[in-house]
Amino acid sequence: MNIKKFVKGGKRKMNRLIYKILKKRKEKQYLKYIENHKDNVVDAFYDLVMCPDMDWFDWEPIHVDLYERILKHDDSKYLVEEFDAYRKQYYPVNEEEKILNAEAFEKAWEHHWKNNRHHWQARSFDICENDKLSKEQILDCLENVLDWMAMGYAFNDRPYQFYEKNKNEIRLPKAQEEFIEKIIYEGIDKQYIKRGV
């Protein structure tokens with residue numbers, strides 16, 4: 001028996017086993033991240049609906065639809081088209097796995113925004129009849145802001161801070177842009193902007 005071959009084969013098996021264990025651990029961490037984000041979106045919903053500076057918005061015809069929508073927020077991240085590539089991007093077993101995942105992640109990201117209208121990329125070519133938003137477009141914009149709020153809870157910033165950093169890249173129809181800015185600057189972040197936070 002060739003001892004070197006035996007040892008080498010044993011190392012490979014051990015490495016595969018370690019990889020499988022680490023992969024499972026990373027998958028659990030990523031699943032927890034998704035669940036935390038979804039919980040934060042629900043918290044953001046309550047914060048937005050209860051915000052005293054949002055009294056200019058009529059919640060009555062829309063709050064039930066918005067709540068139903070946020071219960072499904074980011075569910076596409078569980079799909080085979082997204083899950084593994086996202087996990088490898090944000091919870092890689094090692095740096096090599098992340099590097100080799102670049103192309104798969106681009107495809108997963110494209111699948112994600114094309115199937116989740118709370119991402120502005122999915123709405124950049126929307127048509128707003130007479131500069132008026134449809135009910136669906138209002139829901140899209142509200143969920144967009146809720147997503148930014150939820151990310152802010154996790155990363156300790158505010159939607160207006162994210163928007164200010166990224167608004168030159170965000171391409172939306174004027175009516176959607178104005179609605180989102182009104183929510184941010186005259187609603188949820190009004191008090192923070194006044195204080196210069």
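Read from the N terminus to the C terminus, the chain runs α-α-α-α-α-α-α-α-α. That pattern amounts to nine helices and zero strands. The model is a predicted one.

**Overall dimensions**

The radius of gyration of the chain is 21 Å, whereas a compact globule of 197 residues would come out near 16 Å. The C-alpha trace extends over about 80 × 35 × 30 Å along its principal axes.

**Burial, contacts and surface**

Buried residues make up 39% of the 197 residues of the chain. When contacts in the chain between residues at least 6 apart in sequence are considered, 72% of them link residues at least 24 apart. The exposed area of the chain is about 12500 Å², and 54% of it comes from carbon and sulfur atoms.

**Charges**

The chain carries 36 positive and 37 negative charges, and the mean positions of these two sets lie 13 Å apart.

**Cysteines**

Zero disulfides turn up in a search of the whole structure. The table lists the values for two cysteines.

| Cysteine | Closest cysteine sulfur | Sulfur distance | Relative accessible area |
|---|---|---|---|
| Cysteine 128 | in cysteine 141 | 7.7 Å | 12% |
| Cysteine 141 | in cysteine 128 | 7.7 Å | 0% |

Why is there no bond from the sulfur of cysteine 128 to the closest cysteine sulfur? The closest one, in cysteine 141, is 7.7 Å away and therefore too far for a bond; a disulfide requires the two sulfur atoms to be within 2.5 Å. Cysteine 128 is buried at a relative accessible area of 12%, and cysteine 141 is buried at 0%.

Key
Residues numbered from 1 in each chain as written. Predicted model: local features only at pLDDT ≥ 70, side-chain atom pairs only at ≥ 80, totals over all residues. Heavy atoms only, no water. Helix = DSSP H or I, 4+ residues; strand = E, 2+ residues; numbered from the N terminus. Rg over C-alpha atoms; globule rule 2.2 N^0.38 Å. Buried < 20%, exposed > 50% of the residue type's maximum accessible area, 1.4 Å probe, protein only. Contact = heavy atoms within 4.5 Å. Areas by Shrake-Rupley, 256 points an atom, 1.4 Å probe, with all protein chains shown as cover. Lys, Arg positive; Asp, Glu negative; His and termini not counted. Charge placed at Lys NZ, Arg CZ, Asp CG, Glu CD.
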